[in-house]
Amino acid sequence: PLRGVPTRLGMKKAVVHLGNAWGHFNEGRDEETLWSCYKAFEFLTKLAKVKDPNQQAFGKLLAGIEDEKKRTRLSLLMDYVCRFLALGRHEEGQEKVFLDRRDSEYALILAQASLAYLAKNTSEQCKTPPRDLSQPM
């Protein structure tokens, strides 16, 4: 389930969180699925020295993209993905949002695609092409 997400260049712990999300999904634990996806992004944004996964953090992580318009829109998109993923978090005093399997499946697809994009962008910045994980070694 983790095809396309290279596990190097600081991505390993993020991939572990994504793997945990898949485990929660398989157990029918929808809220935990979203929260584990969120933790993957949270880990990456800490690498960018930003507290929370937000547009600023993704802007830093996507700094290798020269086209400013493209970088800005990708940063905004990933920010909104993380806002959706944060619905899996339980905070006292806040109204609980009902999440179901459709939500957790959608979260996994968005998270995996976004993490793969970030990993490949980081790889391109380092001039090392990412290995295609869909192909056997």
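**Chat about a five-helix chain**

Me: Quick one to start: is D100 buried or exposed?

Reply: D100 counts as buried, since its relative accessibility is 16%. Buried means under 20% relative accessible area, exposed means over 50%, and partly exposed is in between (1.4 Å probe, protein chains only).

Me: Before we go on, what kind of model is this?

Reply: It's a predicted model, where local features need pLDDT of at least 70 and side-chain atom pairs count only at pLDDT 80 or more, while totals for chains, interfaces and linings use all residues. Residues are numbered from 1 along each chain as its sequence is written, and side-chain values use heavy atoms, with hydrogens and water left out.

Me: Okay, back to D100. Which side chain does D100 meet in a salt bridge?

Reply: R102, with N to O at 2.4 Å. A salt bridge here is a side-chain nitrogen of Lys or Arg within 4 Å of a carboxyl oxygen of Asp or Glu. R102 counts as exposed because its relative accessible area is 64%.

Me: How many salt bridges does that rule give?

Reply: Three. Another one pairs E27 with R29, whose closest N and O atoms are 2.6 Å apart. E27 is exposed at 52% relative accessibility, and R29 is partly exposed at 33%.

Me: And what does R83 pair with?

Reply: D79, at 3.1 Å from N to O. Those two are four residues apart in helix α4, so about one helical turn separates them.

Me: Where does D79 sit on the accessibility scale, and what about R83?

Reply: D79 is at 5%, so D79 counts as buried. R83 has a relative accessible area of 48%, so R83 is partly exposed.

Me: What does D79 touch, leaving out residues up to four places away in sequence?

Reply: P53, N54, Q55 and F58. Contact means heavy atoms within 4.5 Å.

Me: Zooming out, how many helices and strands are there?

Reply: Five helices and zero strands, so the order from the N terminus reads α-α-α-α-α, given that helices (H or I, at least four residues) and strands (E, at least two) are DSSP runs numbered from the N terminus.

Me: How much of the chain is buried?

Reply: Buried residues make up 40% of the 137 residues. As for the outside, the chain exposes about 8400 Å², with carbon and sulfur atoms supplying 52% of that. Those areas come from the Shrake-Rupley method with a 1.4 Å probe, and for residues only the protein chains shown count as cover.

Me: What share of the contacts join residues at least 24 apart?

Reply: 62%, taken among contacts between residues at least 6 apart in sequence.

Me: Now the core. Which residues touch the most other members?

Reply: In the largest nonpolar core, which has 32 residues, F41, F58, L85 and L118 do. The helices giving two or more residues are α1 (12-26), α2 (30-47), α3 (55-61), α4 (68-85) and α5 (101-125). α2 gives the most, with seven residues. A nonpolar core is a set of buried Ala, Val, Leu, Ile, Met, Phe, Trp, Tyr and Cys residues joined through side-chain atoms within 4.5 Å.

Me: What's around L85?

Reply: Not counting residues up to four places away in sequence, L85 touches L34, W35, C37, Y38, F41 and A107.

Me: C37 is in that list. How many disulfides turn up?

Reply: Zero in the whole structure, using a cut-off of 2.5 Å between two cysteine sulfur atoms. For C37, the nearest cysteine sulfur is that of C82, 9.5 Å away. C37 is buried at 0% relative accessibility, and C82 is buried at 1%.

Me: Back to α2: how many of its residues are buried?

Reply: 13 of 18, so α2 is mostly covered.

Me: What about the span of α2?

Reply: The end C-alpha atoms of α2 are 27 Å apart, which agrees with the 26 Å expected for 18 residues. That expected span is 1.5 Å times one less than the number of residues.

Me: And what's odd about the phi of K49?

Reply: K49 has a positive phi of about 65° although K49 is not a glycine. K49 sits in the loop between α2 and α3, and K49 counts as exposed because its relative accessibility is 73%.
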